[in-house]
Amino acid sequence: MNSRTLLWLVPCLIVWAVLPFVVPRYMADLLVFTGIYTVAGLGIGLLLGHCGIVNLAQATFYGLGAYASAYCTVMMGLPSIVGFIAGAAISMALAYVIGRPILRLTGYFLALGTLALSAIASALFFEWDWLTGGTLGIGGIPKLDLFGFLLDRPSRYYFFVWIVAFACMAVAHNLVDSRTGLMLRSMRDSSTAAAALSIDLQTLRTKVFVVCALFGSLAGSLFAHHASFVSTQSFTVDRSISFLLIPVIGGATSIPGIVVGALFVTFLPELLSKLGDIHQILFGLALVAVVVLMPDGLVGAFGRLRTRLARRGNSNG
Amino acid sequence: MAEPLLSLKEVGHSFGGLSVLRSVTLDVPEGGIIGLIGPNGSGKTTLFNIVTGYIRPLAGTITYRGAVLGRDTIQQRGLQGLVRTFQTPQVFEQMTVLENVMVGCTKLTRTSMLQDLLRTPAARGQMREIRERAEAACERFSLTALRDLPAASLTAGQRRILEIARAVVGEPRLLLLDEPSSGLNVQEIDDLRDWIVRLNEEGITILLVSHDMGLMTVAPTVHTLYFGEIIASGDMAAIQRDPRVREVYLGV
């Protein structure tokens with residue numbers, strides 16, 4: 001880690017540490033959601049930025065994680081860790097079974113395939129009310145208890161969620177930086193040439209899809225313990241779309257970009273809602289503006305701006 | 001005579017009703033350079049696609065290192081040392097030159113995704129090895145000055161060399177070069193020729209497809225493909241004298 005990285009990392013960490021104590025409670029709540037969405041968005045970012053795959057099914061895995069946590073703790077009275085593990089195991093198994101056949105598809109067809117998965121899952125969450133409680137949902141999910149320390153306030157849960165999010169970011173960064181990351185990007189740029197270099201596209205894509213599902217499920221479990229109540233409304237196709245927006249807005253190849261994207265999708269609608277009924281239109285416009293003007297996301301645009309300023313500085317000096 | 005490294009026996013293929021290869025039989029001896037010429041549409045690239053597993057032939061058998069390549073995938077053939085380049089160079093455009101070469105090394109190492117996710121010492125060690133090999137290859141192919149540039153910014157000639165470097169770091173036994181001189185200038189073609197000779201001297205068997213009669217003189221044996229059939233074989237001088245080749249290919 002060089003000194004320039006430290007120069008911005010240290011202030012960021014300080015801001016991060018004091019933030020939940022200085023902002024109003026509803027904002028602390030939004031910051032918790034930002035952390036949860038960062039975890040879910042990381043998986044989508046890996047698929048989009050490094051494999052060129054549009055995954056519109058993340059709400060499925062998010063839902064599986066949330067329902068697993070809700071069912072295990074409320075219905076079966078098991079410790080919350082069981083819910084996390086059960087959700088992750090079910091999501092990863094489902095991602096493997098579904099991923100194997102649908103990841104043969106490419107481009108729009110694959111995106112539609114994942115969209116179909118999200119639509120089916122959303123319908124099943126509604127229909128299987130013996131398991132999910134349907135629209136009534138499952139309430140009374142206990143707050144997480146960390147070795148006797150109850151995470152019952154947003155400011156406490158904030159730290160837990162963000163430490164999980166940072167750990168996930170570190171894991172995602174490891175993957176991107178590894179041999180697997182190299183193979184993924186080669187496959188994104190030219191699958192024909194990657195195959196000639198003995199890279200097994202099908203297996204790799206499936207594995208990343210499974211990792212993405214793991215992140216989705218983890219985020220879902222975190223959400224369940226935060227909201228205390230889960231119901232079908234939280235796991236619709238709309239949610240899948242907003243998860244996809246996270247890397248699209250932040251910058252799919254950048255890991256900090258996922259945090260930026262998550263901030264955008266949690267805070268902007270909330271801030272705009274103060275303007276009344278027009279807020280959804282404004283959010284839509286903001287979205288179109290980012291996608292059209294910054295094809296590589298906010299982080300990519302920032303990088304380009306910095307390069308341009310540096311170049312201007314050089315030519316002047 | 002020793003068993004050839006690659007042997008095609010009565011290989012045939014057609015797309016729809018159009019027959020593109022009819023009963024092609026040829027041998028590639030270990031350590032040799034075999035050339036394949038023929039006008040556009042004569043089936044050269046189809047032959048490459050069949051040997052490397054991109055297309056499954058409708059007839060005939062391919063034997064590599066004494067074993068029949070049946071249902072082996074592209075990847076399995078690559079791991080056995082069969083590596084190709086493409087008629088239009090296929091570089092990984094958004095990756096740097098060094099990263100492109102690093103991708104070529106990935107098949108020499110094995111890590112599980114779990115090891116990569118957790119960055120275990122084994123994963124780090126392998127990544128270091130991949131990087132070192134790729135850096136050495138960049139040095140060798142005079143790509144060091146370009147190594148941090150995205151591959152999208154390279155010229156056609158540089159892309160060719162990068163593609164060859166990327167193939168060679170994976171330690172191929174049989175390198176299949178598809179039209180490696182197209183889009184190159186005279187100097188670049190000379191360099192390419194030197195590379196082919198040097199790699200062959202290092203023990204890599206080469207199957208070379210080209211239009212370029214000048215480049216083809218590196219191959220002691222050249223086969224001429226015309227409408228999916230081999231119509232003449234021999235050294236380049238003999239090929240150029242062959243009346244059928246002159247008629248159908250050289251147009252005289």
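**Reading a two-chain model: chain A, the core and the contact**

Colleague: What radius of gyration would a compact globule with 317 residues have, and what does chain A have?

Modeller: A compact globule with 317 residues would have a radius of gyration near 20 Å. Chain A has 20 Å, so the two agree. Keep in mind that this is a predicted model. Along the principal axes, the C-alpha atoms of chain A fill a box of roughly 65 × 50 × 45 Å.

Colleague: How many helices and strands does chain A come to?

Modeller: Chain A has 14 helices and 2 strands. Of its 317 residues, 49% count as buried. Among contacts in chain A with a separation of 6 or more, 76% are between residues 24 or more positions apart.

Colleague: Now to the interior. Which residues have the most contacts inside the largest nonpolar core?

Modeller: The general idea helps here: in soluble globular proteins, nonpolar side chains tend to be buried together. In this model the largest nonpolar core has 164 residues, and A:Ile36, A:Val39, A:Phe215 and B:Ala165 have the most contacts inside it. Helix 2 of chain A (residues 25-51) gives the most to this core, namely 14 residues. From chain B, domain 1 (6-91 + 173-250) and domain 2 (92-153) each provide at least three residues.

Colleague: Let me zoom in on one of them. What does A:Phe215 touch, leaving out residues up to four places away in sequence?

Modeller: A:Phe215 touches A:Val39, A:Ala40, A:Leu42, A:Gly43 and A:Cys168. One of these, A:Val39, is also among the residues with the most contacts inside the core.

Colleague: And the domains of chain B: how many Å separate their centres?

Modeller: Taken over C-alpha atoms, the centres of domain 1 and domain 2 of chain B are 29 Å apart. The domain assignment gives domain 1 two segments, 6-91 and 173-250, while domain 2 is 92-153.

Colleague: How many residues does the contact take from each chain?

Modeller: The size of an interface is often given as the accessible area lost when the parts come together. Here we can go by residues: 32 come from chain B and 21 from chain A. On the chain B side, helix 2 (74-79), strand 6 (82-84), helix 3 (97-105), helix 4 (113-118) and helix 5 (121-140) each supply at least two residues. That side divides into 14 nonpolar, 11 polar and 7 charged residues.

Colleague: Is helix 3 of chain B mostly covered or exposed?

Modeller: Mostly covered: 9 of its 9 residues are buried, including B:Val97, B:Glu99 and B:Cys105. The buried residues of helix 3 pack against helix 8 (179-189) of chain A, and also against helix 5 and helix 6 (156-168) of chain B.

Technical notes
Residues are numbered from 1 along each chain as its sequence is written. Chains are lettered from A and ligands numbered from 1 in the order in which they are written. This is a predicted model: local features need pLDDT of at least 70, side-chain atom pairs count only at pLDDT 80 or more; totals for chains, interfaces and linings use all residues. Domain bounds come from an automatic or database domain assignment. Two residues are in contact if their C-beta atoms, placed from the backbone, lie within 7 Å. Helices (H or I, at least four residues) and strands (E, at least two) are DSSP runs, numbered from the N terminus. Ala, Val, Leu, Ile, Met, Phe, Trp, Tyr, Cys and Pro count as nonpolar, Asp, Glu, Lys and Arg as charged, and the others, Gly among them, as polar. The radius of gyration is taken over C-alpha atoms; the globule rule is 2.2 Å times the number of residues to the power 0.38. A residue is buried if 20 or more other C-beta atoms lie within 10 Å of its own, exposed if 12 or fewer, and partly exposed in between; C-beta atoms are placed from the backbone. A nonpolar core is a set of buried Ala, Val, Leu, Ile, Met, Phe, Trp, Tyr and Cys residues joined through C-beta atoms within 7 Å.
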